[in-house]
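Q: I'd like to learn how to read pockets and helix packing in a protein model. Can we walk through one together?

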Amino acid sequence: MGANHSREDLELSDSESESEYGSESRTREEEEDEDNYSDAKTTPSSIDRKQPKTPSSLDDVEAKLKALKLKYGTPHANNPTAKNAVKLYLHVGGNTANSKWVVSDKVTAYSFVKLGSGDGSDDDENEETEENAWWVLKIGSKVRAKIDENLQLKAFKEQKRVDFVANGVWAVKFFGEEEYKAFIDTYQNCLFENTYGFEANDENRVKVYGKDFIGWAKPEAADDSMWEDAGDSFVKSPAAEKTPLRVNHDLREEFEEAAKGGAIQSLALGALDNSFLISDSGIQVVRNYTHGISGKGVCVNFDKERSAVAHSTPRKALLLRAETNMLLMSPVTDRKPHSRGLHQFDIETGKVVTEWKFEKDGTDITMRDITNDSKGAQMDPSGSTFLGLDDNRLCRWDMRDRHGMVQNLVDESTPVLNWTQGHQFSRGTNFQCFATTGDGSIVVGSLDGKIRLYSSSSMRQAKTAFPGLGSPITHVDVTYDGKWILGTTDTYLILICTLFVDKNGSTKTGFAGRMGNKISAPRLLKLNPLDSHMAGANKFRSAQFSWVTENGKQERHLVATVGKFSVIWNFQQVKDGSHDCYQNQVGLKSCYCYKIVPRDDSIVESRFMHDKYAVSDSPEAPLVVATPMKVSSFSISSRRLQM
């Protein structure tokens, strides 16, 4: 299967279908004149249907209606002076060729209502004083939804329109610019209060974000120059100089094969000869090629008699020692991600050689996650250290020295890892995930949404701590040069620029120094409401940059997984402040231009192969997409990703 564009350019129709959704009937002439409309953009899929040329936006719909009023003298129920009056559309047909917008209510009204946590009534009174209350958006009798990021609300200023998801995909059209602006302002204030529990005012914004990060609360006042400077460096990067692409080259599937030895649980991509598919029964070895990965016919099954790893599904696989060894970490229980130890697997012999235990000062401890010392550390043949993360711990483990600490080994066959560096925080950090740069600097994401930057030399105190936007960070990645951070939340991705100019005029990253108040506002990467609805209740997972391990090379794409979709953004386009997505936006800039690679089953992992597997006619290395029973490889063209 190929890749789909994000589809917003859907047919808008005020046709007879509206009667199914409670709208009043109209004359035959009105129905004929209003039968076909379209959004602001047009995709190849809509062009292929060869329908009559249509107006370009919801504004044209309103112009048509006004013309009909003059022509036929039909009383127009749309009263621009009515309080909170809007026109409500519903999207039908999903993501099929028959998808379209239909009028749900020609005229209705919206309201923002504050409801208490234990009150499900519609009574607006006596609810304001309840603790733990939240704001709800009501539109007529058909929409009632809590105001949070799950609405996936997207605003179209030029059309005086907002789209959102609430048991369906809806579009609201306002009858005037002031009405549109009033709705957006109120919505943003309600979202802030629902997210943080404070009234939306300047004092509380400073309380939430801090005075150095006020640009996150007021993006229009933020300094975006660092984004543009970093974008220029991308163009000048040696990696940008490539052989011209084939004219018709597009994202295309190169290889697909069934998994062997059980359902795939995780994917360990190698930068050298091989990659590995980890299942609950063993490890399948696959070969790396410039067109993707392909099976070698080798599957190493876990020894069920001798190894405890066979009795629990490995959640994390980490390559090290020139990719000849692998660390496998399994959770203590199926409900919690923490682990008390890990298994060291020798890939060349196909055996678990050591079962390590996490211990500090003679006490067993747990780890939530492990990662390599740096972006390219897995290729180091002598590497014997790696990083560990728990809710309130950040440390470096060493497999070489088993006797440098007080130990109380119950079984000498279960050696204890040596805690060589790190810090055990007292409480409150709620670490969730982490990643490393090319020089070993560390970025950590937390449950409260904060993202902390630690230098390679100290894990005790973060050089920079970015405030949260209200959603937990479930996965984090960072570019090789440390200039960009990509955080994953359930409903959006957050891209942060770490560059700043210090008091001496030198440009640094937030890993090397305190950024002070010269911090750029982040950018968000989101699905449009329709694609979000099509993805169902699934959440974003494991967003990552493409993979480079060489100074001077720049990552080119970002990929994330949501349900059965792999979603790809063009990195340079996201950084471009003049990009169409960012025009006329309110709040933090959000990019909706992406490609979707759909699968028939839920996706386990989506990752780009190492940059060395890029070829001259496709400047990006292949994308590997693993589902439980299949693994697919795609060759990708950056030209076709200029969406």
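A: Sure. One bit of vocabulary to begin with: helices and strands here are DSSP runs, numbered from the N terminus, with at least four residues for a helix and at least two for a strand. Also keep in mind that this is a predicted model.

Q: Which helix gives the most to the lining of the second largest pocket?

A: That's α4, with nine residues. Other elements that each supply at least two are β7 (154–156), α5 (202–209) and α6 (214–217). The pocket has a volume of about 1,100 Å³, and of its 36 lining residues, Q188, P219, V586, G587 and L588 are the closest to the centre. By class, the lining splits into 18 nonpolar, eight polar and 10 charged.

Q: And what lines the largest pocket?

A: Here 47 residues do the job, with K316, D369, H475, S542 and E605 nearest the centre. Strands feature in this lining: β11 (264–268), β15 (316–320) and β40 (605–608) are among those giving at least two residues each. The space comes to about 1,300 Å³, and the lining has 20 nonpolar, 17 polar and 10 charged residues.

Q: Back to the helices. How are α4 and α5 set against each other?

A: Two packed helices are described by the angle between their axes and the distance between the axes. For α4 and α5, the axes come within 12 Å and cross at roughly 45°, so the pair counts as oblique. The crossing is left-handed.

Q: Which residues in α4 and α5 meet?

A: N189, F192 and Y196 in α4 meet N204, R205, V208 and Y209 in α5. That contact divides into four nonpolar, two polar and one charged.

Definitions and conventions. Residues are numbered from 1 along each chain as its sequence is written. This is a predicted model: local features need pLDDT of at least 70, side-chain atom pairs count only at pLDDT 80 or more; totals for chains, interfaces and linings use all residues. Side-chain values use heavy atoms; hydrogens and water are left out. On a 1 Å grid over the protein atoms alone, a cavity is a set of points where a 1.4 Å probe fits but cannot get out, and a pocket is an open set with protein on both sides within 12 Å along at least five of seven lines; lining residues have an atom within 4 Å of a point. Grid points are joined across faces, edges and corners, and a volume is the space filled by probe spheres set on the points. Ala, Val, Leu, Ile, Met, Phe, Trp, Tyr, Cys and Pro count as nonpolar, Asp, Glu, Lys and Arg as charged, and the others, Gly among them, as polar. Axes are lines fitted to C-alpha atoms, for helices over the stretch in contact, and angles run from 0 to 180 degrees between N-to-C directions. Angles under 35 degrees count as roughly parallel, over 145 as roughly antiparallel, 65 to 115 as roughly perpendicular and the rest as oblique. A crossing is left-handed if the near helix is turned anticlockwise from the far one by less than a right angle, and right-handed if clockwise. Contact means heavy atoms within 4.5 Å.
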